[in-house]
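Reader: I'd like to go through this one with you, cysteines to begin with. Can you put it up?

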Amino acid sequence: DEMNVYEIPCDFPIMDLAYSNVTTSSYDLHWTSNASSWEIVSGPVGFGQATGLSTILSVTNDSVSMPLGVCDSVDVYVRALCGGAAGSPWAGPITIGAPCEHDLRLKDLLVAINTCGDSSTVVEAVVENRGLYDESNFSVNTDLSGGLNSAMSFNYMDTLLPGETDTVMVGDFNSIAGATNVDIVGDTTLSNDQCTANDSLTYTD
């Protein structure tokens, strides 16, 4: 007699995959499933599960606390494990980002250069506090190049609250001569900024 062996599919889908209580060092991950053990895969945002960039964790509780670095963001997948079966289909990804304690973002540079130029062309910067704490006593700087060369700086002495945005005048320059092809690079300098990727912008005339 011929005997056929079939692997029983793992029919315990992951439902309601979610997260909560995100801090600068951890987050809680939870889901609903009738299985008794699960596998969690996490890695950089957009990672491929077969690239080796991920961290794999096997758990027996459907609510776990996961580590997370300051200012870090991860994609997370979860599946149920069913004995010798390969596991249920992966649920996810969900993207989780940890807040930064200190993070200033240079959101925009505002420059009004007209075709005739101006003896006092104003450069403004839009700064956003994306951290968890009040920020003050930092500088906003701009460097002009191209048709003109100039450096300007503004010292921010007020208090910028978490989530607050402020527009400040960094300085002005004479754009009557050499007003075309002006490049302006702006940046913020907060000594304890934990995310420097959003600190600078370039304005091109």
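Reader: What is the cysteine sulfur closest to that of Cys 195, and why is there no bond?

Author: This is a predicted model, where local features need pLDDT of at least 70, side-chain atom pairs count only at pLDDT 80 or more, and totals for chains, interfaces and linings use all residues. Residues are numbered from 1 along each chain as its sequence is written, and side-chain values use heavy atoms, with hydrogens and water left out. A disulfide here is a pair of cysteine sulfur atoms within 2.5 Å. The sulfur of Cys 195 sits 5.0 Å from its closest cysteine sulfur, which is too far for a bond; that neighbour is Cys 100.

Reader: Is Cys 195 buried, partly exposed or exposed?

Author: Buried means under 20% relative accessible area and exposed over 50%, with partly exposed in between (1.4 Å probe, protein chains only). Cys 100 is buried at 7%. Cys 195 has 23% relative accessibility, so it counts as partly exposed.

Reader: Which cysteines form the disulfide, and how far apart in sequence are the parts it ties together?

Author: The structure holds one disulfide. Cys 71 and Cys 100 form it, with their sulfur atoms 1.8 Å apart. Cys 71 is in the loop between strands E5 (63-67) and E6 (73-80), and Cys 100 is in the loop between E7 (91-97) and E8, so the bond ties together parts separated in sequence by 29 residues. (Strands, E, are DSSP runs of at least two residues, numbered from the N terminus.)

Reader: Which strand gives the largest share of the largest nonpolar core?

Author: A nonpolar core is a set of buried Ala, Val, Leu, Ile, Met, Phe, Trp, Tyr and Cys residues joined through side-chain atoms within 4.5 Å. The largest has 22 residues, and Val 111 and Phe 173 are among those with the most contacts inside it. Strands that each supply at least two of its residues include E9 (121-129), E10 (138-146) and E13. The largest share, four residues, comes from E8.

Reader: Where does Asp 199 lie, and what is its relative accessible area?

Author: Look in the loop between E13 (182-189) and E14 (200-204). Asp 199 touches Leu 104, Leu 106, Gly 186, Asp 187, Thr 188 and Asp 193, leaving aside residues up to four places away in sequence; contact means heavy atoms within 4.5 Å. Asp 199 is buried, and its relative accessible area is 8%.

Reader: How far apart in space are Asp 199 and Asp 103?

Author: In sequence, Asp 199 and Asp 103 are 96 residues apart. In space, C-alpha to C-alpha, the separation is 8.7 Å.
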